[in-house]
Amino acid sequence: SRVLIMTIYLQKFGTMLISRPAGREAWLAAQAYVLPKSTSEKIAIDFSGVEVLAPSWADEFITPLVERQGKENVEFQNTENSSVKATLELLFDYKTGAPPK
């Protein structure tokens, strides 16, 4: 059976993902409208179009998402942007000691 992956395009929340309150707001909106009911479903987070990803925004959105779905069920796509890459490395080294996949 094929595993379906839901993709969340962070660009829908803007190209400059900077402040903690904005990250929290995006997380609450995603919980209400986007996230699957099942916490075992695979989710892809797509960073295409994101120009700046600040650690504070990411900590409010990505950290709880990974905690909710499990690290094994979250994958990151289009992470070539240096801001995105640096934030993910910082967040996941700090939080888990493991780099994102």
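How much of the chain, with its 101 residues, is made up of buried residues? The share is 38%. Keep in mind that you're looking at a predicted model. Going along the sequence, you'll meet its elements in the pattern β-β-α-β-β-α-β-α, which comes to 3 helices and 5 strands.

**The chain as a whole**

- Let's start with contacts: taking those with a separation of 6 or more, 84% link residues that sit 24 or more positions apart.
- As for the outside, the chain exposes about 5800 Å², and 53% of that area comes from carbon and sulfur atoms.

**The sheet**

- Three of the strands, in the order β1-β3-β5, form an open sheet with parallel pairing.
- At the edges you'll find β1 (5-9) and β5 (74-77), and each of them pairs on one side only.
- Neighbouring strands here aren't lined up exactly: on average they're turned by 25° against each other, direction ignored.
- In general, the strands of a sheet pair through backbone hydrogen bonds, and they can do that either parallel or antiparallel.
- If you zoom in on β1 and β3 (residues 42-46), you'll see two strands that run parallel and are joined by 5 bridges.
- Want one pair to look for? Isoleucine 8 has isoleucine 45 in β3 as its bridge partner.

**Helix α2**

- Helix α2 covers residues 55-69 and lies across β1, β3 and β5; with β5 it makes an angle of about 140°.
- Here's a quick check on its length: at 1.5 Å a residue, the 15 residues of α2 should span 21 Å. The C-alpha atoms at its ends are 20 Å apart, so the two values agree.
- The helix does bend, though, by about 25° at phenylalanine 61, and proline 64 follows within four residues.
- Just after α2 comes glycine 70, which takes a positive phi of about 95°.

**How α2 is tucked in**

- Is α2 largely enclosed or largely open? It's largely enclosed by the rest of the structure, because 11 of its 15 residues are buried.
- A residue counts as buried when its relative accessible area is under 20%.
- Among the buried residues of α2 are Trp57, Ile62, Leu65 and Val66.
- Asp59, Glu60, Thr63 and Gln69 are also on the buried list.
- Both residues from the bend show up there too: Phe61, where α2 bends, is buried, and so is Pro64.

Note on methods: Residues are numbered from 1 along each chain as its sequence is written. This is a predicted model: local features need pLDDT of at least 70, side-chain atom pairs count only at pLDDT 80 or more; totals for chains, interfaces and linings use all residues. Side-chain values use heavy atoms; hydrogens and water are left out. Buried means under 20% relative accessible area, exposed over 50%, partly exposed in between (1.4 Å probe, protein chains only). Contact means heavy atoms within 4.5 Å. Accessible areas come from the Shrake-Rupley method with a 1.4 Å probe; for residues, only the protein chains shown count as cover. Two strands pair if DSSP finds at least two bridges between them. Axes are lines fitted to C-alpha atoms, for helices over the stretch in contact, and angles run from 0 to 180 degrees between N-to-C directions. The expected span of a helix is 1.5 Å times one less than its number of residues. The bend at a residue is the angle between axes fitted to the seven residues ending there and the seven starting there.
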